[in-house]
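This report is meant for a reader who is meeting the structure for the first time. Please keep the sequence and the model in view while reading.

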Amino acid sequence: MTVAGGLVDSHCHLDDARFNEDREQVIERARAAGVARLMAIGTGNGPPDLEVAVRLAERYPFMYATVGVHPHDASKAAPETFEHLRELARHPKVLAIGEIGLDYHYDLSPRDVQRAVFARQVGLAAETGKPIVIHTREAWPDTLAALAGWRRGGVMHCFTGGEREAREALALGFHLSFGGVLTFPKAGEVRQAARIVPDDRLLVETDCPYLAPVPHRGKRNEPAFLVETVKQLAAVRETTPEQLGELTSANWQRLFLE
Ligand SMILES: [Zn+2]
Ligand SMILES: [Zn+2]
């Protein structure tokens with residue numbers, strides 16, 4: 001299936017080593033499947049490897065980038081890391097600071113360090129006027145607390161909360177981005193959340209190479225598989241994939257390019 005008008009994959013890790021063998025073909029397949037624009041997430045393997053997405057975005061006119069320190073890598077952040085981020089944020093292809101946030105599931109960095117690095121990057125986003133891309137896992141109350149004064153908006157990426165969390169994120173002015181999890185049989189609560197999001201706050205993503213949607217579940221994910229998530233989201237919201245593609249693209253453009 002292709003979607004006319006063009007989809008936006010709002011979150012992909014195309015720098016991942018799993019794409020080293022066939023990155024060009026992966027990007028070609030995405031375009032052939034109707035994915036017109038891609039947002040490359042620039043967390044890399046943590047600092048000092050923060051330019052991965054910028055390098056990709058420089059090579060393709062339809063690709064854009066974020067820069068940020070993932071909560072997993074928070075303990076690797078040094079004072080010069082934030083200087084580097086501030087510099088990279090000035091690049092014309094860098095549209096957001098992210099993915100940043102809190103991950104208390106893996107706890108790969110101590111929680112107090114995660115909170116400090118998150119807060120520092122929210123401050124950097126405020127300073128540079130950029131929206132933020134949020135990663136949050138098993139850390140919802142602390143995530144909300146950290147975002148209490150935030151006004152510039154952004155994305156709750158790979159949204160996997162229920163209706164209550166969706167309403168809280170919406171109240172903070174965030175967009176909700178849905179990925180492959182939406183297609184998983186047990187994700188009824190996520191589908192319920194996806195039903196109540198206003199049209200103008202919806203986004204879609206793959207988070208590839210992670211979290212491939214059904215029927216590719218368990219395989220390496222890639223942007224071309226975005227169409228499966230779009231089909232599911234369209235069914236949940238009782239609309240067509242084409243209309244959903246159109247409105248999520250318009251939302252993405254409004255949030256990041258205007
Ligand atoms: Zn994430
Ligand atoms: Zn990600």
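## The zinc site

His135 has a relative accessibility of 14% and therefore counts as buried, the cut-off for that term being under 20%. The model is a predicted one, and in it His157 is buried as well, with a relative accessible area of 6%.

Both histidines serve the zinc ion (ligand 1), which is coordinated by Glu99 through OE, by His135 through ND1 and by His157 through NE2, at 2.0 to 2.1 Å. Along the chain, the donors of this zinc ion (ligand 1) follow the spacing E-x35-H-x21-H. The pair of histidines links distant parts of the chain, since His135 belongs to strand β5 (residues 132-137) while His157 sits in the loop between β6 (154-156) and α6 (163-171), 22 residues apart. A second zinc ion (ligand 2) is 3.4 Å from the zinc ion (ligand 1), and Glu99 coordinates both.

## Helix α6 and its two sides

Beyond the loop that holds His157 comes α6, whose buried residues are Glu165, Ala166, Ala169 and Leu170. These residues cover an arc of only 135 degrees around the axis, which means that they lie on the same side of α6. A general property of α-helices fits this picture: there are 3.6 residues a turn, so residues three or four places apart point the same way.

The buried residues of α6 pack against α5 (140-146), β6, β7 (174-178) and α7 (188-196), whereas the face turned away from the buried side carries the exposed residues Arg164 and Ala171. After α6 comes Gly173, whose phi is positive, near 90 degrees.

## How α6 meets α7

The axes of α6 and α7 are 8 Å apart, and the two helices pack at an angle of about 40 degrees. They are therefore oblique to each other, and their crossing is right-handed. On the α6 side the contact is made by Glu163, Ala166 and Arg167, and on the α7 side by Glu189, Gln192, Ala193 and Ile196. Ala166 thus appears both among the buried residues of α6 and in the contact with α7.

## Helix α2

Another helix with a set of buried residues is α2 (residues 52-59), in which Val52, Ala53, Val54, Leu56 and Ala57 are buried. What covers these buried residues of α2 includes the helices α1 (23-32) and α3 (79-88), together with the strands β2 (35-40), β3 (63-67) and β4 (94-103).

Note on methods:
Residues numbered from 1 in each chain as written. Chains lettered and ligands numbered in written order. Predicted model: local features only at pLDDT ≥ 70, side-chain atom pairs only at ≥ 80, totals over all residues. Heavy atoms only, no water. Donors = N, O, S within 2.8 Å, 3.2 Å for Na, K, Ca; no water. Helix = DSSP H or I, 4+ residues; strand = E, 2+ residues; numbered from the N terminus. Buried < 20%, exposed > 50% of the residue type's maximum accessible area, 1.4 Å probe, protein only. Arc of directions from axis to C-beta. Contact = heavy atoms within 4.5 Å. Axes fitted to C-alpha atoms, helices over the stretch in contact; angles between N-to-C directions. Parallel < 35°, antiparallel > 145°, perpendicular 65-115°, else oblique. Left-handed = near helix turned anticlockwise from the far one by under 90°.
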